[in-house]
Amino acid sequence: MTSTDNATAPAITLTIAGSEATGGAGAQADLKTFQQLGTYGIVALTCIVSFDPKESWNHRFVPVEPGVIADQLEAVQECYRGQLDTVKLGMMGSPATIGTVATALRSQDWRNVVLDPVLICKGQEPGHALDTDEALKAELLPLATFVTPNHFEAEQLSGLSIEDEDGLVAAARRIHEISGAAVLAKGGVRLAGPDAVDVFYDGETLEVLRAPKIGEVAVSGAGCSLAAAVTAELAKGAAPLEAARTAKAFVTRGIERRVSSNAPFDALWQG
Ligand code: PXL
């Protein structure tokens, strides 16, 4: 039975992501972004991150059991079968989670799979992060239609070291070659210069997106919100480059209106 009027029904967007309890990043940022951009947001939770104020705000990380992740995805995919064709992948946190998510993704066709390849979380074991990196490359990157690596993730995925804008362009090209996906590689505040520079490349069009940096410190939730905004725009029918431009403007505005707290970093505000 369906009771929605399809003319007014919102596009549906699923994020498979972790909770970040203070609300700046992760699933919380994704859902707020989806809502603000007019899509119907759904979340399947992969892990729970709680910053530790007693330990310089390091991340305490608890994975959700693979069986529980599979249950959430089964519920969502059956509930919206025929309507759900756009998904965002955020923090996975472990190879087991990646395997479970990849299996669920392969059980249906997708129009848009936006992979935010979140690799490292302060407080996780470095060895653990390496395994996660390998699993992500092997199992999720081939399913992605759009990838949004930050500076560190772009280095990991491309195998190149990125010193400047040319390096970011080379990495974006390389990641496209490996994945076939549209790539939005984010320089953020990591590259020198007055602008926050991101590089879009989809195999045909190369575009450098620029906005004046707002401070020199990364704002929590910027990466998650950027990828979520790309996801929402693609779900509504935007072309990849158009989605990237809208997302960049959305994040720039959200950083201008950021929320400060007792943590040593501010959080982006999507509203
Ligand atoms: O910003 C990356 C990120 C993604 N997802 C979760 C996080 C973080 C960073 O804190 O906690 C759940």
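## A guided tour from the β4-α3-β5 unit to the ligand

Begin by selecting β4, helix α3 (residues 95–105) and β5, which together make a right-handed β-α-β unit. The model on display is a predicted one.

**The two strands of the unit.** Hide the helix and keep strand β4 (residues 86–89) with β5: the two pair in the parallel sense over 4 bridges. To find the register, display T86, which stands opposite N112 in β5.

**Side chains of β5.** Next, show the side chains of strand β5 (residues 112–115). N112 and V114 point one way from the strand, while V113 and L115 point the other way. Are these four residues buried or exposed? All of them are buried.

**Outward to β6.** Add strand β6 (residues 146–147), which pairs with β5 in the parallel sense over 2 bridges. Here L115 is the residue to centre on, as it stands opposite V147 in β6.

**Back to β1.** Now return to β4 and add β1. These strands also pair in the parallel sense, over 3 bridges. Select I16 and L89 as a pair: I16 stands opposite L89 in β4.

**The whole sheet.** With these strands in view, extend the selection to the full sheet. It is an open sheet of 9 strands with mixed pairing, in the order β3-β2-β1-β4-β5-β6-β7-β8-β9. Which strands form the edges? They are β3 (58–63) and β9 (206–212), each of which pairs on one side only.

**The ligand.** Select the ligand, which sits in the largest pocket. Its surroundings consist of G18, S19, E20, A25, G26, V49, F51, H59, M91 and C224. The ligand taken alone exposes 320 Å², and the protein buries 82% of that. Colour the shell by secondary-structure element: β1 (12–20) and β2 (40–52) are the elements that give two or more residues to it. Of the elements, β1 gives the most, with 3 residues.

**A last stop beyond β9.** Move to the loop between β9 and α7 (222–235), where G215 is found. How should the exposure of G215 be classed? Its relative accessible area is 43%, which lies between the limits of 20% for buried and 50% for exposed, so G215 is partly exposed. Finally, draw a distance from G215 to A138: their C-alpha atoms are separated by 36 Å, and the two residues are 77 residues apart along the chain.

Terms used. Residues are numbered from 1 along each chain as its sequence is written. This is a predicted model: local features need pLDDT of at least 70, side-chain atom pairs count only at pLDDT 80 or more; totals for chains, interfaces and linings use all residues. Side-chain values use heavy atoms; hydrogens and water are left out. Buried means under 20% relative accessible area, exposed over 50%, partly exposed in between (1.4 Å probe, protein chains only). Two strands pair if DSSP finds at least two bridges between them. A crossover is right-handed if, with the strands pointing away from the viewer, the path from the first strand over the helix to the second runs clockwise. A residue is near a molecule or strand if one of its heavy atoms lies within 4 Å of it. Accessible areas come from the Shrake-Rupley method with a 1.4 Å probe; for residues, only the protein chains shown count as cover. On a 1 Å grid over the protein atoms alone, a cavity is a set of points where a 1.4 Å probe fits but cannot get out, and a pocket is an open set with protein on both sides within 12 Å along at least five of seven lines; lining residues have an atom within 4 Å of a point. A molecule sits in a cavity or pocket if more than half of its atoms lie within 2 Å of its grid points.
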